[in-house]
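Visitor: Could you take me through one part of this model slowly, as I am new to reading structures? I would like a close look at the repeats and the helices around them.

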Amino acid sequence: MLSNANLFSAYKGFAISSETNEGCFSLLRIKGRLIFTWLAALSCPRGMNGMAYIESLLTKCASLSHIKQVQAHLITTGTFQFCPSRPKLLELCAISRCGDLHYAISIFGQISNPLTNDWNAVIRGFAISPTPTYAVTWYRSMSRASSSKLDALTCSFALKACARALALVEAKQIHCQTIKLGVYSDVLLKTTLLDVYAKAGELRCAKKVFDEMSVRDIAMWNALIIGLAQGDDPHGALSLFKRMREENLMPNEITVLGALSACSQLGAVKEGERVHRYIIEEKLDSNVIVCNAVIDMFAKCGFVDKAYMVFEKMSCERSVVTWNTLIMALAMNGNGVEALALFEKMKKCGVDGDGVTYLSLICACNHAGLVEDGIRVFDLMVACGVQPSVKHYGSVVDLLGRAGRIEEAYRMISSMPVVPDVVLWQSLLGACKTYGNVELAEIASRKLVEMGSNSCGDFVLLSNVYAARKRWDDVGKVREAMKNRDVRKVPGFSYIEVEGEIHKFVNGDQSHLKWREIYVKLDEIGFRVREFGYVPETSYVLHDIGEEDKEKALCYHSEKLAVAFGLIGTSEGTPIQVIKNLRICGDCHEVIKLVSKIYNREIIVRDRARFHRFIDGSCSCRDYW
DNA sequence: GTAGGGTTAG
């Protein structure tokens, strides 16, 4: 039995006594409850050094039960409080797959004087957990506890947590503390710091950390290249990639992922092919992640056939992501039937679909107008035990809404077990606009306002619903609400690659060297499309301005500017490819259809969701998007 | 007493 003293110490949160050589009782605090458990201990073979024994055990732990046995061993041998391997045990429990962070915390609670590394283990555990903000909480508690000193690793793990939680303010505080603590010169720590700044959108700070380094290793370059690529500066990522090559540094598989991601965003296929050649030369294509990124790059640049070729020729084993990437590529091109066929092939190859597979498939059905197939895919997903997320429900709502089955879509929202997000309500609102359903449009708009959506488009859709019913008073009210609410519009822009160089246009752009020439071309386009019966659809204009001005605002949308420049800058008969950051505007869609006919050009526009391929006056999306 | 930790596709 346990002595009173032992019980007393147990209640104070400490580990308690050794009873036998096989194990011990321990009072643990798990999820806030005190639990009295028996821990079976291991015993050290005769003649073996105790420390070495523990170290070797730790490398063999493959389950929580193993970890508990080592813990029991430490307790029964009376070394728990002082054993130098304890932090390693704690770390194993906090971060490894077989561990359990909650249990690690209960172990931590039994330590009378936690060392730096004990704290670090828990902070690191939280940093990679689904709740990284707790790492910062623990970091603060550790700063207050005077017993142990923060070191470079403490800061590193806390910064990692900030990177995952996008906690910029906290990251800046920790940045200051690294300087005070004298650990700021640490390269690994700086890499994480750079990563936090880049992920939190502070690209200038990220570059500053990079620039002030006298010696940089590959991870440092990678962190910035990826940061720029995933931030708002794919151009910067590519030029840094080039600079790296100029400095005779060898990009590795992680570097090329950043470069490929930048190419995908810009639609810079020439650059993407250069990266691809490098990958082959350096045999980086034995890495499945790299192959997936190459497939994605070709697909996003509009070359599904090239993506397919890479897929076919892969020397390494395909993962579920490989299949998903290609299914998504087909979805973006409106090839719903092919996407479904590829899914069948995937199943034949023995690869199970995951949440992303089904999302891509529903998206493929949506873009191709395959309503029944989409619903079938959703049911199949549920039958296969893949949990639908709000995105899956959102896609089905979109699918039903576009097909005019709005009541059905609304029933789905009412009965689904997840909380609808902004995108979902926006899809419903969009459908209400198309099919003139005022009642549900009002419900969706109210939800969007409640959720704090300040998107200009939401207000415009509602106003269009009222306008279609000639409810001018309500139109006025929406306009008024827009003014009062400081609604923001994400600025639209378009890219076009001409002679291997990327040109960027924003709405009404006059910054391009040839802008006058472009505007003359646009006037010519405007004149010629009218001959083909085009009438501007001014409801797409979001500003409260006169009709004539509205027409002008439409004329100079970024995608029109890019197409006009494409007509000027590329030779007759060659396709024109444009990439837009938002969905293509309905008026631009009409105009570009006519341009493809009048100028006899194939025009490909990739918008945020899909490709539009305009040939001879019609679009591959069949006006369904 | 020392090392540990950083950058990764759909």
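Guide: Over residues 319-353 the chain is 74% helix and 0% strand, with the end C-alpha atoms 10 Å apart, and you should keep in mind that this is a predicted model. The span of residues 287-317 is likewise 74% helix and 0% strand, and there the end C-alpha atoms lie 9 Å apart. Both spans carry the feature "repeat: PPR" in an unreviewed UniProt entry, which also places that feature at residues 217-251 and 354-388.

Turning to the DNA, α16 (288-300) and α18 (320-332) are among the helices that each supply at least two residues of the surface near DNA strand B, and the others include α6 (116-127), α12 (218-230) and α20 (355-368). Of the 39 residues around this strand, A152, T191, A219, N222 and V356 come nearest, while the surface as a whole has 20 nonpolar, twelve polar and seven charged residues.

One helix of that surface, α6, also lets us look at how helices pack. Two packed helices are described by the angle between their axes and the distance between the axes. The axes of α5 (residues 101-109) and α6 come within 10 Å and cross at roughly 160°; because an angle over 145 degrees counts as roughly antiparallel, α5 is roughly antiparallel to α6. Their crossing is left-handed, and the contact is made by L101, A104, I105 and F108 of α5 together with D118, A121, V122, G125 and F126 of α6. By class, these contact residues divide into seven nonpolar, one polar and one charged.

Methods. Residues numbered from 1 in each chain as written. Chains lettered and ligands numbered in written order. Predicted model: local features only at pLDDT ≥ 70, side-chain atom pairs only at ≥ 80, totals over all residues. Near = placed C-beta within 6 Å. Helix = DSSP H or I, 4+ residues; strand = E, 2+ residues; numbered from the N terminus. Nonpolar A, V, L, I, M, F, W, Y, C, P; charged D, E, K, R; others polar. UniProt positions renumbered as here; feature names shortened; annotations may be inferred. Axes fitted to C-alpha atoms, helices over the stretch in contact; angles between N-to-C directions. Parallel < 35°, antiparallel > 145°, perpendicular 65-115°, else oblique. Left-handed = near helix turned anticlockwise from the far one by under 90°. Contact = placed C-beta atoms within 7 Å.
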